[in-house]
There are 2 protein chains.
Amino acid sequence: MSTPGRGLHGHVLDTLGPEITAGEYPPGSVLRTDELAQRFDVSRSVMREAVRVLESMHLVESRRRVGVTVRPKSQWNVYDPQVIRWRLAGKDRPQQLRSLTLLRSAIEPVAAGLAARHATSQQCAELTECALGMVANSRGHRLEEYLVHDMAFHRVILDASGNEMFARLGDVVAEVLAGRTHHDVMFEDPDPAAVTLHVQVAEAVRAGDAARAEELTREITVGALQELDILAP
Amino acid sequence: MSTPGRGLHGHVLDTLGPEITAGEYPPGSVLRTDELAQRFDVSRSVMREAVRVLESMHLVESRRRVGVTVRPKSQWNVYDPQVIRWRLAGKDRPQQLRSLTLLRSAIEPVAAGLAARHATSQQCAELTECALGMVANSRGHRLEEYLVHDMAFHRVILDASGNEMFARLGDVVAEVLAGRTHHDVMFEDPDPAAVTLHVQVAEAVRAGDAARAEELTREITVGALQELDILAP
DNA sequence: CGGAGACAAAAAGTCAGACTTATTCGTCAC
DNA sequence: GTGACGAATAAGTCTGACTTTTTGTCTCCG
């Protein structure tokens, strides 16, 4: 995924990033550049580059005479795709998945409403194509094929919203959906009601009915919340 | 703001980051590490660290034998607080402000609803204190004092939501609010209706009325959208 | 006993230079 | 035209020496 191991410092990050985001070093822990360089068997130049990247993610802070100190989770750049991937891959996965699903439930309905106004005819076509693909693969344990169309569907919605911030959540949403299919138990075929909702959203967007697109999408995301027992009692 | 010029590579970023995010180099433009090092009068080691950070923000891509190529805006990590600050400081400011306000309008109502469920008694107290501060400074050109309480109010809401992703938007929202007061024209006192809404939100959160808190906050954000002529006709 | 100032140690920060490696482009033969 | 080979190029890496800042400690004086 993404850009694995492009350079030595990338390899260091692939190990050190997950360790830090997994909470293996308590906040305030101090790492020394030289020791890390030894541990990973790289030069200090390379190690410094890696530290700089971690620093830009606000995972650590480098101070003279002190060392590289790990920052508390509350300061991390939790929207950094790399950080999200690291956390999804580690033991923080459940909480991360809940956070992201909640984020989805806030963003996607609004995005769908905007998409109903701004979607190009080509985007509408892609949307219906995705919805049809979901229908076609909604039965018979074709989970992988279903997932592909599901991810594409939500990505098109977010793109079509015309908001760059929303659009950039496409990867994140895809990762959440993939996680639900792969990691969490999902032996059974997808909920037929959910499939229908996707088709209806595509219709609403095509018809330019923003309110309806928003409301239908809200139903979809509420379903996702319920799956994770994030209820609104 | 944040951590200015902590080290030479920080100084380089303070100049190069705004240049790139302002679009001064078209996507695909090629920069050479050596030339940049010369231009900023730093060693290549320092320059490389700066490039690594820009790379982690997906602003540029470094490839052997080619150089450092600028990526299209669609690939930037637009949620990176540093990138947001750079764009808000540059000529991209209007679009960035619209994107962020739209993001607010999606997030904050949901956050307020969650806050109504999860806010501690202390957070409720802080909230009413902020709201009262807004009321007290809503007349007589006390814009700065009003702004302080406004920023604090929204930050408490986002924190009290209990969702780390929402909480981390506190800085961004504060920056948007500050921008509205400082940069954009706001000679007059704040809209009394908006002030009242904030007070009512505080009440709803204290009362644990999630639906009402959400709806009232939605009215606030709709007002913010209208100020920027982002309408829902 | 306590505080102020000076000193020493520690770790990051910076730099310069030599070397390595991957990639691309041009050329030449087929 | 196409393919392979080779040279040029720019990033990547390593090393070692030096600088700078910060912190902890030790001493000296009140």
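**Exercise 1.** How many residues surround DNA strand D, and which are the closest?

*Solution.* Bear in mind that this is a predicted model. Start with the count: DNA strand D is surrounded by 20 residues. Next, pick out the closest, which are A:L8, A:S43, A:R65, B:R32 and B:T33. Now sort the surface near DNA strand D by class: eight residues are charged, seven polar and five nonpolar.

**Exercise 2.** Find which elements each supply at least two residues of the surface near DNA strand D, and then do likewise for DNA strand C.

*Solution.* For DNA strand D, chain A brings α1 (8–21) and α3 (44–56), while chain B brings α2 (33–40) and β3 (67–70). Among the contributors, α3(A) gives the most, with three residues. For DNA strand C, look to α1 (8–21) and α3 (44–56) of chain B, along with α2 (33–40) and β3 (67–70) of chain A. There are 19 residues around DNA strand C, and A:T33, B:G7, B:L8, B:S43 and B:R65 come nearest. The surface near DNA strand C has seven charged, seven polar and five nonpolar residues.

**Exercise 3.** Describe how α5(B) and α10(B) are arranged.

*Solution.* Two packed helices are described by the angle and the distance between their axes. Here, the axes of α5 (residues 93–118) and α10 (residues 192–207) of chain B come within 6 Å and cross at roughly 40°. Therefore α5(B) is oblique to α10(B). Then list the contact: B:A112, B:A115 and B:A116 of α5(B) meet B:V201, B:A204 and B:V205 of α10(B). By class, this contact of α5(B) with α10(B) has six nonpolar residues, no polar and no charged ones.

Terms used:
Residues numbered from 1 in each chain as written. Chains lettered and ligands numbered in written order. Predicted model: local features only at pLDDT ≥ 70, side-chain atom pairs only at ≥ 80, totals over all residues. Near = placed C-beta within 6 Å. Helix = DSSP H or I, 4+ residues; strand = E, 2+ residues; numbered from the N terminus. Nonpolar A, V, L, I, M, F, W, Y, C, P; charged D, E, K, R; others polar. Axes fitted to C-alpha atoms, helices over the stretch in contact; angles between N-to-C directions. Parallel < 35°, antiparallel > 145°, perpendicular 65-115°, else oblique. Contact = placed C-beta atoms within 7 Å.
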